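Colleague: I'm new to reading models like this one. Could you walk me through how the words we use follow from the values?

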Amino acid sequence: MTETTPTSLGMPQLPAPDFPADVRARLEADAKEVVARYPDSRSALLPLLHLVQSEEGHVSRTGMRFCAETLGLTTAEVTAVATFYTMYRRKPSGDYQVGVCTNTLCAVMGGDAIFDELKRHLGVGNDETTPDGKVTLEHIECNAACDFAPVVMVNWEFFDNQTPESARRLVDDLRAGRPVEPTRGAPLCTYKETARILAGFPDERPGAVAASGGAGPASLVGLRLAKGETPHPRVVHPRGEGPHGEGPHGEGPRDEATRDEAQPGSAHLSSHDAPQQTSASDPAHPAGPVDEEGE
Ligand code: FES
């Protein structure tokens, strides 16, 4: 008799099937390498979940069973982790996960409008995949790229300063197989390939590591101010009114802030330019030490 396990609805559920022998052999070899990095094998659970995700494009019950058997955990323990983190997908998804940041800053800068436009354009809702299996659309949380809001991420690579129009072109290019280049960071790869890199295996594409780069200019403005440097003041043009045309994926007018970093002498002001003396910005409430009563 086949052993079954109860589900949350009380219905018996058949055990997860195993991977085909050749796939399992390959995963076991990779898993051995991952587990060897940690003094305690159970610490390897997060990268192992990425590893099984790189095989199927999502974390299936079979993948969770593999992780549990490899690490000596129960499937319940593995399930608890896999269902907690949103980077693990629980159902088949597209080659490209297009995540639109709709957290507060991106939302007010246009993220909500981008998400609505992509829903309409692609004919899918949140966490749904286009019929050709290319694009899965989803809301994402803040990815610490607020300087470049509104941000769209494709397989966790950044597409900064997007507009509904540029985001629409982006998904059209992805679906048509046209080359797409992130605003910064490593070149784009498929969701499965991304999962393997997240499992800790090197990105062996030529130039990929070098392209990863560092922080963008808008992120470094605060550091430059702290060092006593004066960033070139810049201006934010309303969309469509900037002197530069849009780039292939929406390097829209608000990219002035980034571009002008490389243009000494530019005389623009920007929302990125914080006042250098904070107290001077509000003489009625100068910044200073708070007394013991907090007054
Ligand atoms: S709110 Fe979108 S990256 Fe921070």
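Colleague: What makes you call T163 buried or exposed?

Modeller: First, keep in mind that this is a predicted model. Now to T163: its relative accessible area is 2%. Buried means under 20%, so T163 counts as buried.

Colleague: And where does T163 lie?

Modeller: T163 sits in the loop between β7 (157-159) and α6. Its C-alpha atom is 9.6 Å from that of E117, and the two residues are 46 apart along the chain. E117 is itself among the buried residues of α5.

Colleague: Which other residues of α5 are buried?

Modeller: Besides E117, they are C106, A107, G110, G111, I114, F115, L118 and L122. The elements covering them include β3 (96-101), β5 (135-140), β6 (152-154) and α6 (164-176).

Colleague: Where is the kink in helix α5 centred?

Modeller: On G110, with a bend of about 70 degrees in the helix, which covers residues 104-122. G110 also turns up in the buried list. Right after α5 comes G123, with a positive phi near 70 degrees.

Colleague: Let's move to helix pairs. Why are α2 and α7 called roughly antiparallel?

Modeller: Set the value against the cut-off. α2 and helix α7 (residues 191-198) pack at an angle of about 160 degrees. Angles over 145 count as roughly antiparallel, so this pair gets that name. Their axes are 7 Å apart, and the crossing is left-handed.

Colleague: Which residues meet there?

Modeller: From α2, you have H50, L51, Q53, S54, E55 and E56, and they meet Y191, K192, A195, R196 and L198 in α7. Sorted by class, this contact has four nonpolar, three polar and four charged residues.

Colleague: What angle do α2 and α3 make, and what should I call it?

Modeller: Helix α2 (residues 45-56) and helix α3 (residues 61-71) pack at about 140 degrees, with axes 9 Å apart. Roughly antiparallel needs over 145, and roughly perpendicular stops at 115, so an angle of about 140 falls under oblique. The crossing of α2 and α3 is right-handed.

Colleague: How do the residues of that contact divide by class?

Modeller: The α2 side brings L45, L48, L49, V52 and E56, while the α3 side brings G63, M64, F66, C67, T70 and L71. They split into eight nonpolar, two polar and one charged. Glycine goes with the polar ones, so G63 is counted there.

Notes. Residues are numbered from 1 along each chain as its sequence is written. This is a predicted model: local features need pLDDT of at least 70, side-chain atom pairs count only at pLDDT 80 or more; totals for chains, interfaces and linings use all residues. Side-chain values use heavy atoms; hydrogens and water are left out. Axes are lines fitted to C-alpha atoms, for helices over the stretch in contact, and angles run from 0 to 180 degrees between N-to-C directions. Helices (H or I, at least four residues) and strands (E, at least two) are DSSP runs, numbered from the N terminus. A crossing is left-handed if the near helix is turned anticlockwise from the far one by less than a right angle, and right-handed if clockwise. Contact means heavy atoms within 4.5 Å. The bend at a residue is the angle between axes fitted to the seven residues ending there and the seven starting there. Buried means under 20% relative accessible area, exposed over 50%, partly exposed in between (1.4 Å probe, protein chains only). Angles under 35 degrees count as roughly parallel, over 145 as roughly antiparallel, 65 to 115 as roughly perpendicular and the rest as oblique.
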